[in-house]
Amino acid sequence: MKRSIIVLHLILLFLTVSCSYGQQVERKDAIVIKTVGSRNLFDAFPDSTSLDFNEMPNGKIPGTVSKLIVRNDTLFVLDSFKSKAFFAYASDGTPLFEYSKQGEGPDEYIFLSDLDVDDKNIYLLDSESHKILLLNKNGKFEKKVDSPAHTAHIKPFYDAKSKKASYYFDMYTPEKARLIRQRGRKNDTLMITPDGMSNFNYSAPNSFQSDKLNTEILYMPSYSSCIYKFNENGEPQEYINLDFKGLMPDLSFFKSLKGKRSEDKFNLIKDGFAYYFSFDANSTHILVGFVYEDKHYLCFINKSSHTTDIFDMPTDYSIRALTDDNLYLYSKNSDNLTIVNISSISK
């Protein structure tokens, strides 16, 4: 299984759909994303703290932070690779509970690849066993839900029209990546990888963003020039168009990579374009992050005015979560979280 996970993460460095189904097309209404004039994040927001995770009663502790969700005063942490478990902490790092049950039973998992939470449940995606484990708010197992094969990311969603819980999956196959909706046993394909981008099927862990009540759900595939918003029927609609001014490879570039090794493809993208995209949102801003040359750039887009603020930070830092007050960063050089107070950006 280790070999399959390594191969997966080498392949999943390339992305799926955009507003024009893979092509980066200039739009008059597009918000310009540029690196010129960026300010250092830590200079602009000097109020930052470091958060240490304390050990759980059984001695477990997150070795990496694969995904982080912050809800109120609780931090939900997924460690897919070292501890291979799910953790919940208070905002000061005090342990609350953890879930660590590897195996093939109904309440067990082989490989946890994604996490989500809402006001009732915690959702853990086991992509190897093709199922989702539903936990209650206290971390106790309630039931499992089967998921389609090759599911990469999940998003629980409350369908306002049918009054039934729905799930969104960002799926990948050897040829196509699909965004699908599952209602009961029925799957509907909502978006699909365009011709020419086959095998470029990675989508960042935070491709889905929602408010606290899951009433607004946004979706952004990486290497996309569009941010989508789901309507009340659970269908993606164009919300904000972006113009990366040449930082984004177009469809012809992806076609030129056909037949090359995964490592070579990634190196070719790194040589001329932005990569390692991330997507986050809070009540006032959308955050689009990416690495270009020797810096990690963070572009905050005001939802109301569509004005932008661009910052930069060292490439060893990556974004893990965004709230109205704080930006949570993870560094490959540390096991701790760095919390940056960005509340002033809303003013």
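Colleague: What makes Asp-107 and Lys-101 a salt bridge?

Modeller: This is a predicted model, and in it the two side chains come to 3.3 Å, N to O. The cut-off is a Lys or Arg nitrogen within 4 Å of an Asp or Glu carboxyl oxygen, so the pair Asp-107 and Lys-101 qualifies.

Colleague: Why is Asp-107 called partly exposed?

Modeller: Its relative accessible area is 23%. Buried means under 20% and exposed over 50%, so 23% puts Asp-107 in between. Lys-101, with 36%, is partly exposed by that rule too.

Colleague: How do you know that Asp-312 and Lys-295 form a salt bridge?

Modeller: That one sits right on the limit: the closest N and O atoms are 4.0 Å apart, and the rule asks for within 4 Å. It's listed as a salt bridge. The pair links distant parts of the chain, with Asp-312 in strand 23 and Lys-295 in strand 22, 17 residues apart.

Colleague: Are those two buried or partly exposed?

Modeller: One of each. Asp-312 has 7% relative accessibility, so with the buried cut-off at under 20% it counts as buried. Lys-295 has 31%, so it counts as partly exposed.

Colleague: What makes Glu-216 and Lys-303 a link between distant parts of the chain?

Modeller: They're 87 residues apart: Glu-216 is in the loop between strand 16 and strand 17, and Lys-303 is in the loop between strand 22 and strand 23. Their side chains meet at 3.1 Å, N to O. Glu-216 and Lys-303 also belong to a salt-bridge network with Lys-229. Over the whole structure, the search finds 11 salt bridges.

Colleague: Why is Lys-303 called buried?

Modeller: Lys-303 has a relative accessible area of 15%, and buried means under 20%, so the label fits. Glu-216, at 21%, counts as partly exposed because it isn't under that 20% cut-off.

Colleague: What divides the lining of the largest cavity into nonpolar, polar and charged?

Modeller: It's by residue type, with Met and Phe counted as nonpolar and Ser as polar. The lining has 7 nonpolar, 3 polar and no charged residues. Met-220, Ser-222, Phe-277, Ser-278 and Phe-279 lie nearest the centre. Strand 20 gives the largest share, 3 residues. The volume of this cavity is about 50 Å³.

Colleague: And how does the lining of the second largest pocket divide?

Modeller: Into 12 nonpolar, 10 polar and 14 charged. That pocket has a volume of about 720 Å³. Among the residues closest to its centre are Val-70 and Arg-71, and strand 4 gives the most to the lining, with 5 residues.

Methods
Residues numbered from 1 in each chain as written. Predicted model: local features only at pLDDT ≥ 70, side-chain atom pairs only at ≥ 80, totals over all residues. Heavy atoms only, no water. 1 Å grid on protein atoms, 1.4 Å probe; cavity = no way out; pocket = protein on both sides within 12 Å on 5 of 7 lines; lining within 4 Å. Points joined across faces, edges and corners; volume = space filled by probe spheres on them. Helix = DSSP H or I, 4+ residues; strand = E, 2+ residues; numbered from the N terminus. Buried < 20%, exposed > 50% of the residue type's maximum accessible area, 1.4 Å probe, protein only.
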